[in-house]
Amino acid sequence: MIEELRLRNFKAFQEVEIALTGLNLLVGANGAGKSSVLQSIAVLKQSIESGAVGSGQLMLNGELANLGTGRDVLHDNPLGDPPRIEIALAAEGVRASVVADYSPDADQLALYSSTSPWPEFAGLEQCTYIRADRLSPSEYYPYSYDSVLRKHAMGPRGEFAASYLQELGDSPVASGLMNAPDTGRSLLEQTSAWLGEICPGVDLAPHRIANTNLIRLDYGFGGSAGLGSSNRYRPTNIGFGISYALPIIVACLVADSHSILLLENPEAHLHPRGQSRLGELLCRVAGLDAQVVVETHSDHLLNGVRLGVKRGLLKSGSASCTFFTSENGVCAGIEQIGIDSSGRLSSWPAGFFDEEEAVLSQLLY
């Protein structure tokens with residue numbers, strides 16, 4: 001588990017240290033640095049696993065993240081002369097870091113230094129990053145036996161979620177993650193059960209298309225994992241919410257105590273109930289001692305997490321919010337907000353999910 005992330009001269013951050021716990025919600029204004037936190041870990045992971053770090057390089061573009069060139073990732077007002085970009089992690093009292101020399105046009109930055117027990121450090125080898133630009137509803141999804149069973153990769157756009165259901169659909173889900181035990185314990189059945197929080201009664205079934213690297217998903221209502229349900233529907237006729245939530249749900253259900261989940265805007269295209277219930281699922285995952293880091297703009301998801309803590313799905317002190325403020329497109333400050341055993345927040349700073357109150361005050365007075 002990552003206990004602390006340190007960034008220097010990286011995108012929105014001139015210099016920052018962010019403490020991390022089991023379940024971490026990154027909240028605040030657009031452009032304040034929330035995505036940069038997830039991207040920094042993703043860039044580090046892809047640089048380690050590709051062998052770039054071993055050959056003295058930080059890879060800005062790869063399987064997980066595509067950040068451009070040095071000028072795209074250097075802070076607008078960098079520290080140091082010459083400026084260098086640093087990404088450092090701390091876990092179990094040990095710090096590991098990479099420090100890269102700045103080169104404006106390079107998409108692989110030469111390392112000035114690297115101190116590390118890579119690649120296993122802090123659990124990065126079991127880190128899953130799912131970006132905000134997930135695959136939209138499609139008639140077909142890519143199939144990859146290797147990605148699922150060897151690499152355990154969901155894909156940064158959630159593209160291998162269907163492959164997980166095809167290859168591991170019969171695998172049992174941890175009891176602490178189950179939505180409705182009476183619907184069955186398999187990954188496919190529990191995926192349908194959690195999707196039912198978004199679209200009641202929905203179920204899905206994967207179908208491998210012979211002699212291709214493609215999978216077709218279809219949906220029905222009123223059955224279980226494709227059995228005894230209504231007419232079958234294509235994903236393109238169901239809506240964005242279900243397709244966008246699918247890889248988030250599958251990633252949560254296959255997580256274990258060694259997993260790290262980095263999730264961007266998991267609430268996208270979901271109605272308020274679905275967002276709140278997704279917050280509960282994230283609590284359940286972190287309750288298994290997995291680590292979850294979520295960028296979100298949803299007060300409903302936050303409230304779902306708060307309820308989950310209050311109901312004992314996650315112990316007090318294991319969930320927190322990091323509130324980012326911005327000025328002129330860079331991070332102006334962060335504030336750590338705790339969640340106690342009653343689901344109460346340790347503080348409620350100005351700009352922290354207060355827009356509803358601000359609008360209502362204008363409507364009422």
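Guide: Let's start with a word you'll hear a lot: a residue is buried if its relative accessible area is under 20%, exposed if over 50%, and partly exposed in between (1.4 Å probe, protein chains only). The model you see is predicted, so local features need pLDDT of at least 70 and side-chain atom pairs count only at pLDDT 80 or more, while totals for chains, interfaces and linings use all residues. Residues are numbered from 1 along each chain as its sequence is written, and side-chain values use heavy atoms, with hydrogens and water left out.

Visitor: Why is Arg-131 called buried?

Guide: Its relative accessible area is 14%, and the cut-off is under 20%, so Arg-131 counts as buried. Asp-133, its salt-bridge partner, comes out at 37%, so "partly exposed" is the right label there.

Visitor: What makes the meeting of Asp-133 and Arg-131 a salt bridge?

Guide: You need a side-chain nitrogen of Lys or Arg within 4 Å of a carboxyl oxygen of Asp or Glu. Here the N to O distance is 2.9 Å, so the pair passes. There are 20 salt bridges in the structure.

Visitor: How do you know that Glu-86 and Arg-6 make one too?

Guide: Their closest N and O atoms are 3.4 Å apart, so that pair passes as well. Glu-86 sits in strand β5 and Arg-6 in strand β1, 80 residues apart, so this one links distant parts of the chain. Glu-86 has a relative accessible area of 13%, so it is buried, and Arg-6 is buried at 16%. Both belong to a network of salt bridges with Arg-8, Glu-15 and Glu-17.

Visitor: What makes the pair of Glu-197 and Arg-277 a salt bridge?

Guide: Their side chains meet at 2.9 Å, N to O. Glu-197 is in the loop between α5 and β10, and Arg-277 is in helix α7 (residues 272–287), 80 residues along the chain. Glu-197 and Arg-277 are buried.

Visitor: What makes something a helix or a strand?

Guide: Helices (H or I, at least four residues) and strands (E, at least two) are DSSP runs, numbered from the N terminus.

Visitor: How do you know that β1 and β5 pair?

Guide: Two strands pair if DSSP finds at least two bridges between them. Strand β1 (residues 4–10) and strand β5 (residues 84–91) have five, in the antiparallel sense, so they pair. Along the way, Leu-7 stands opposite Ile-87 in β5.

Visitor: Why are β2 and β4 called edge strands?

Guide: Look at the open sheet of six strands, in the order β2-β1-β5-β6-β7-β4, with antiparallel pairing. β2 (13–19) and β4 (57–59) each have a single partner strand, so one side of each is left without a neighbour in the sheet. From one strand to the next, the twist averages 20 degrees. Helix α1 (residues 34–49) packs on this sheet, touching β1, β2, β4, β5 and β6.

Visitor: What makes β8 covered on both faces?

Guide: In a regular strand the side chains alternate between the two faces of the sheet. In β8 (residues 127–130), Cys-127 and Tyr-129 are on one side, Thr-128 and Ile-130 on the other, and all are buried. Strand β8 runs parallel to β12 (residues 260–264), joined by four bridges, and Ile-130 stands opposite Leu-263.

Visitor: Why is Leu-111 called buried?

Guide: Its relative accessibility is 16%, so it counts as buried. Leu-111 lies in strand β7 (residues 108–115). Leaving aside neighbours within four places in sequence, it is in contact (heavy atoms within 4.5 Å) with several residues, including Val-53, Leu-58 and Val-98.

Visitor: Why is Leu-364 called exposed?

Guide: Relative accessibility is 62% for Leu-364, so it is over the 50% mark. Its place is in helix α9 (residues 355–364).

Visitor: What makes β14 and β15 a hairpin?

Guide: Strand β14 (residues 319–327) and strand β15 (residues 330–338) pair in the antiparallel sense over eight bridges, with two residues between them. In the turn, Asn-328 has a positive phi of about 55 degrees. Phe-323 stands opposite Glu-335 in β15.

Note on methods:
Axes are lines fitted to C-alpha atoms, for helices over the stretch in contact, and angles run from 0 to 180 degrees between N-to-C directions.
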